[in-house]
Amino acid sequence: MGKKMKYVFVLSIMAAVSMCVCTSCVKQVTDADAETSSGKETENDTNSKANEFPSVEEVSSYTFDQMIELSKDLDENTLLQAWGEPFSTGGQRIWKLSQDGISKYVEAFVQDGKVLSLNSSVPMYAVVAKKHGGETYCYLDWNDYIIDAGKLCHLPRSDAYGNPVDYEVGDRLLVQSNGIIVETYPGDIANPYEVIPQGKVSDDDLKRIESSISSTDAFVEENVPANDESVESAFVIGPYGKISLKVPETWSYEIANVDDDKLLTGCYGIILKPNGIENGQIEVIVADNFAVCGTGLVNEKNTLAGTPVRVGTYGSDKHWSFIVFEGENPQVVVNHTDCTSWPDSFWDEAWSILDTVSFDRNQTEGGIGQFIPESENPDIGVIMTVKHVTSTGLTAHFWQYENKASGELDFGQDFSLEKLEGDTWILVPQIIDNAGFTMEAYVIPPEGENEIEVNWEWLYGKLEPGTYRISKSIIDHRSDGNTNYTLSTQFFLAESQ
């Protein structure tokens with residue numbers, strides 16, 4: 001796809017997954033007995049497979065080809081049975097083990113209980129070379145500590161466990177990662193499993209670092225070498241994490257924050273298009289619930305930025321329709337609109353840009369509304385949504401999409417808040433006694449909209465990060481008597497990093 005190789009990197013290969021369940025039976029049973037028998041056989045099958053499965057210690061020493069073979073026809077439950085509970089973040093499952101006093105890691109990417117790929121940790125050697133714009137850059141090599149401007153790499157702000165990665169120029173680091181380096185310049189690595197300080201370089205080496213950075217143009221303000229195609233780092237941080245990518249100077253981008261209404265779909269993201277193009281755009285988004293029509297859809301598996309992706313194409317379309325970065329919700333999704341007239345070269349360039357995408361779930365900020373079934377009442381044809389979510393308030397929006405009410409609909413100032421604790425909704429405690437609401441009424445016009453600013457700091461104080469639900473009453477003023485309805489909408493407050 002016209003990519004420029006700066007590093008040799010390992011690609012995780014996704015494996016199709018199927019569960020084999022024994023259905024044979026040596027006696028005639030009732031339907032209920034058959035269901036029980038099948039459940040026991042499935043459990044026995046899994047246990048048997050787990051007992052025969054290689055240990056995580058063995059697998060940590062597997063070759064790349066052995067990893068590919070092992071991941072075929074593999075489900076997550078088999079790994080849990082054989083290796084125990086891992087650390088989980090998104091679609092990653094990470095097992096940590098110690099061999100000869102050295103930590104090693106085995107990683108699985110999973111989705112819907114299926115194992116997409118397996119990786120084991122690879123030690124890499126880093127020397128911190130530059131701190132710029134809140135980011136840290138290092139010289140990275142597989143074999144030794146080096147000072148080589150051609151091997152400049154971006155060091156993530158946190159490891160896979162959420163621990164901060166913050167070191168100074170001249171620090172030597174042992175980096176345990178999956179060995180994947182994205183082929184940008186500077187290179188990008190996924191959040192490492194562990195970063196271990198190994199002392200500092202000598203004073204002479206510090207001078208070499210300074211000379212290498214300043215005199216060879218290996219690092220400029222745009223984070224690219226002077227003799228390479230200029231690229232710019234673009235990123236957006238939202239409540240689910242940080243999306244970042246590299247944009248060449250021949251393309252433009254626009255940041256779409258939560259509630260900007262710039263995106264066709266998704267919660268927030270980055271909009272891309274080639275310079276000088278009026279029609280068409282590509283959207284790299286975070287989606288908390290991405291679904292598409294399956295009619296005429298062809299799905300293929302691939303890898304982008306070291307991450308398994310699902311590439312969807314409809315009918316006879318020449319180019320992809322959407323791309324889903326595999327993992328648990330929320331997911332990074334790429335889609336486009338009105339791009340069918342683009343030449344093939346634009347699609348090749350777009351693929352190279354998408355090969356730089358990273359999603360850091362540990363860098364979060366802000367709040368976001370989340371639609372739930374209780375957000376809609378089809379009996380009166382009304383949907384409630386929320387936007388501009390903060391720790392002290394939000395905007396509640398009501399839309400009567402169909403005039404089903406018998407009378408005029410309105411809502412007031414009253415509301416209640418609950419917080420999700422485990423699987424249970426708990427009322428948020430009020431900070432004052434005998435609280436009440438004023439009696440204003442706000443009309444929802446037939447097939448129209450209305451909204452209200454809700455501030456709860458006086459009643460609940462500032463909310464801590466978490467998942468909440470706000471409920472409000474709607475009154476249908478019928479000729480034979482009023483009817484009250486309650487609509488609820490969920491929202492999420494992230495922990496700002």
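# A tour from Glu 168 to Asp 410

Start at Glu 168, which is partly exposed, with a relative accessible area of 43%. In this tour, buried means under 20% relative accessible area, exposed means over 50%, and partly exposed is what lies in between (1.4 Å probe, protein chains only).

This is a predicted model, in which local features need pLDDT of at least 70 and side-chain atom pairs count only at pLDDT 80 or more, while totals for chains, interfaces and linings use all residues. Residues are numbered from 1 along each chain as its sequence is written, and side-chain values use heavy atoms, with hydrogens and water left out.

**Whole chain**

With everything displayed, the protein shows 7 helices and 32 strands. These are DSSP runs numbered from the N terminus: helices are H or I with at least four residues, strands are E with at least two. Of the 497 residues, 48% count as buried. Among contacts with a separation of 6 or more, 62% come from residues 24 or more positions apart; a contact means heavy atoms within 4.5 Å.

**Stop 1: salt bridges**

Return to Glu 168 and add Lys 131 to the selection: the two form a salt bridge, with the closest N and O atoms 3.4 Å apart. The pair links distant parts of the chain, since Glu 168 sits in the loop between strand 7 (152-155) and strand 8 (171-177), while Lys 131 belongs to strand 5 (residues 122-132), 37 residues apart. A salt bridge here is a side-chain nitrogen of Lys or Arg within 4 Å of a carboxyl oxygen of Asp or Glu. Lys 131 is partly exposed, at a relative accessible area of 33%. Add Asp 166 as well: Lys 131, Asp 166 and Glu 168 are linked in a network of salt bridges.

The structure holds 14 salt bridges. One of them joins Lys 387 and Glu 451, with the closest N and O atoms 3.3 Å apart. Lys 387 is in strand 24 (residues 382-387) and Glu 451 in strand 30 (residues 449-455), so this pair ties together parts that are 64 residues apart in sequence. Lys 387 is partly exposed at 27% relative accessible area, and Glu 451 counts as partly exposed at 34%.

Next select Arg 478 and Asp 480, whose side chains meet in a salt bridge (3.2 Å, N to O). Arg 478 counts as partly exposed at 30% relative accessibility, whereas Asp 480 is exposed at 61%.

**Stop 2: strand 7**

In strand 7, Leu 152 and His 154 point one way and Cys 153 and Leu 155 the other way, and all are buried. In a regular strand the side chains alternate between the two faces of the sheet.

Show strand 6 (residues 135-141), which pairs with strand 7 in the antiparallel sense over 4 bridges; strands pair if DSSP finds at least two bridges between them. Tyr 137 has His 154 of strand 7 as its bridge partner. Strand 10 (residues 187-189) pairs with strand 7 in the parallel sense over 2 bridges, and there Cys 153 stands opposite Gly 187.

**Stop 3: strand 18**

Select strand 18 (residues 307-314): 6 of its 8 residues are buried, so the strand is largely enclosed by the rest of the structure. Strand 17 (residues 297-304) runs antiparallel to strand 18 and is joined to it by 8 bridges, with Lys 301 opposite Arg 310. The two strands form a hairpin with 2 residues between them, and Ala 305 in the turn has a positive phi of about 50 degrees. Strand 19 (residues 322-325) is also antiparallel to strand 18, with 4 bridges; Gly 312 stands opposite Phe 322 in strand 19.

**Stop 4: an open sheet**

Now show strands 12, 13 and 21. These 3 strands form an open sheet in the order 12-13-21 with antiparallel pairing. Strand 12 (231-238) and strand 21 (358-360) stand at the edges with a single partner strand each, so one side of each has no neighbour in the sheet. Strand 13 (residues 241-248) is joined to strand 21 by 3 bridges, and Ile 243 stands opposite Phe 359 in strand 21.

**Stop 5: Asp 410**

Finish in strand 26 (residues 408-411), where Asp 410 is found. How far away is the nearest side chain of opposite charge to Asp 410? It is Lys 472, 10.0 Å away, and Asp 410 is buried yet has no salt bridge. For charge, Lys and Arg count as positive and Asp and Glu as negative, while His and the chain ends are not counted.

The side chain of Asp 410 makes a polar contact with the side chain of His 477 (2.6 Å). A polar contact is a pair of N or O atoms within 3.5 Å; within protein, one must be able to donate a hydrogen and the other to accept it, and residues adjacent in sequence count only if both atoms are side-chain atoms. Not counting residues up to four places away in sequence, Asp 410 touches residues including Tyr 442, Ile 444, Ser 473 and His 477.
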